[in-house]
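Reader: I would like a close look at one part of this protein, namely the long-range side-chain pairings and the elements that they tie together. Please take me through that part slowly, and then set it in its surroundings.

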Amino acid sequence: MKIAIFGSCVSRDTAEFMPEAEVVAYVARHSVTSLESPHGTAGIDLSDLTSAFQKRMVTSDLKGSGIERIVKNADDLDVVLLDLVDERRGFWKFPDGTTMTNSIEVESCGAARTARREGARLIEFGTDEHFTCWSTGFATLIQELKAAELWEKTILLDIEWAGAVDGAQHPQNDGFASLGRRWRRIQRGSREAGRELSRGRGLADAWHSMRNIKPTEAEEYADRALSANNDYIRYRKEARSLAASSVVRESREVRIDRDHKWGPQPFHYRHADYQSIVDSIRQQVKRNGGEAM
């Protein structure tokens, strides 16, 4: 089975659990906004990127050519996997209206600094301006896939971020639970302030330590996932309302894999989670008239 991906780690990591599948086109680090108004490569120095893959992905974004790489393989493709992970870092909007995805690679090679010097603004994910531009870009993506007769073969992977590591309970995110986490953080800060005073430190030092107490690992994951999942809500709703097929997992259904090869992150899941997603993809492919693996 031949697969194309427009997205990032959620789709790519899932594809690795489909042993009979061949990924023939992988478009990453590419917001759909770049399909509408790509900045172009002029004046953007990518020489600090040592990976050929990174340079290829960022160049594709700058040229807005990601969808072309998928469409040219249309006759051979059995399924297109789509996720929204690469939208999370926002995009740069230049004074002439062109855009560049704010990927980690763009940050690391200095292209973001160049954009800022040229008067570009960072349009942050979750803002009304970002959502409006994303909606237009997503409509363009759909149009291109439909023109290539690929939209019915496209599956949206709508997987929420996990708020807990494998083996831990999913955090409760209602008002009382959030208040409880803040209260426990305050208690830890109070204990640390007490220790500072007992060491002979002044009130200012104790107050500083109390205000700057770090969250635990569990609290950090829970807070990050809750914030990201809330920011994604309207994007996911619109994408799902338009998608021909979707595979959906809520945060409570997935967990962070502490031993994930790319490191523990709320969007790096357990083997069992990926296998479950693969099973759903196979069912969708079969339902769409394709050949399940």
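Author: Both Arg 236 and Asp 158 are buried, and this pair is a good place to begin, with the caution that the model is a predicted one. Their side chains meet in a salt bridge, with 2.5 Å from N to O. Because Arg 236 belongs to helix α10 while Asp 158 belongs to strand β7 (residues 154-159), the pair ties together parts that lie 78 residues apart in sequence. Buried here stands for a relative accessible area under 20%, a cut-off that will be needed again below.

The pair does not stand by itself, for salt bridges that share partners join Asp 158, Glu 160, Arg 236 and Arg 240 into one network. Across the whole structure, a search finds 14 salt bridges.

Another of these pairings again involves helix α10. The side chains of Arg 234 and Asp 128 meet in a salt bridge at 3.0 Å, N to O. Arg 234 sits in helix α10 (residues 217-242) and Asp 128 in helix α7 (residues 128-147), so this pair links parts that are 106 residues apart in sequence. As to their surroundings, Arg 234 is partly exposed, because its relative accessible area is 30%, and Asp 128 is exposed, because its value is 55%. A further salt bridge joins the side chains of Glu 250 and Arg 252, with 2.9 Å from N to O. Glu 250 has a relative accessible area of 37% and is therefore partly exposed, while Arg 252, with a relative accessible area of 52%, is exposed.

Helix α7, which holds Asp 128, deserves a look of its own. Its 20 residues should span 28 Å at 1.5 Å a residue, and the C-alpha atoms at its ends are 29 Å apart, which agrees. The buried residues of α7 are His 130, Phe 131, Trp 134, Ser 135, Gly 137, Phe 138, Thr 140, Leu 141, Ile 142 and Leu 145. Two of these names, Phe 138 and Leu 141, return in the largest nonpolar core, where they stand with Ile 70, Leu 157, Tyr 269 and Ile 281 as the residues that touch the most other members, out of 60 residues in that core.

Tyr 269 also leads back to the network described above. Leaving aside residues up to four places away in sequence, Tyr 269 touches Val 10, Ile 159, Glu 160, Trp 161, Ala 162, Val 254, Arg 255, Asp 257, His 260 and Tyr 274, and Glu 160 is one of the residues that the shared salt bridges join. A second, separate core has 14 residues, including Ile 44, Val 58, Val 106 and Ala 112.

What follows helix α7 is a matter of backbone. Most residues other than glycine have a negative phi. Just after α7, however, Glu 149 takes a positive phi of about 60 degrees, although Glu 149 is not a glycine. Glu 149 is placed in the loop between α7 and β7, and with a relative accessible area of 67% this residue is exposed. Ala 148 and Asp 75 are 73 residues apart in sequence, and their C-alpha atoms are 8.6 Å apart in space. Asp 75 is found in the loop between α4 (66-71) and β3 (79-82), where it counts as exposed at 79% relative accessibility.

Arg 29 likewise has a positive phi, of about 55 degrees, without being a glycine, and it lies in the loop between β2 (22-27) and α2 (33-36). Ser 8 touches Arg 29, as well as Tyr 26, Asp 83, Val 85 and Asp 86, when residues up to four places away in sequence are not counted. Ser 8 itself is found in the loop between β1 (2-6) and α1 (9-15), and since its relative accessible area is 6%, Ser 8 is buried. Its side chain makes a polar contact with the side chain of Asp 86 at 3.3 Å.

The setting for these details is a protein chain with 11 helices and 8 strands, in which buried residues make up 49% of the 293 residues. Among contacts between residues at least 6 apart in sequence, 71% join residues at least 24 apart. The accessible surface of the chain comes to about 14600 Å², and 48% of that surface belongs to carbon and sulfur atoms.

Key
Residues numbered from 1 in each chain as written. Predicted model: local features only at pLDDT ≥ 70, side-chain atom pairs only at ≥ 80, totals over all residues. Heavy atoms only, no water. Salt bridge = Lys/Arg side-chain N within 4 Å of Asp/Glu carboxyl O. Helix = DSSP H or I, 4+ residues; strand = E, 2+ residues; numbered from the N terminus. Buried < 20%, exposed > 50% of the residue type's maximum accessible area, 1.4 Å probe, protein only. Core = buried A, V, L, I, M, F, W, Y, C linked by side-chain atoms within 4.5 Å. Contact = heavy atoms within 4.5 Å. Areas by Shrake-Rupley, 256 points an atom, 1.4 Å probe, with all protein chains shown as cover. Polar contact = N/O pair within 3.5 Å; in protein donor to acceptor, adjacent residues only side chain to side chain. Expected span 1.5 Å × (residues − 1).
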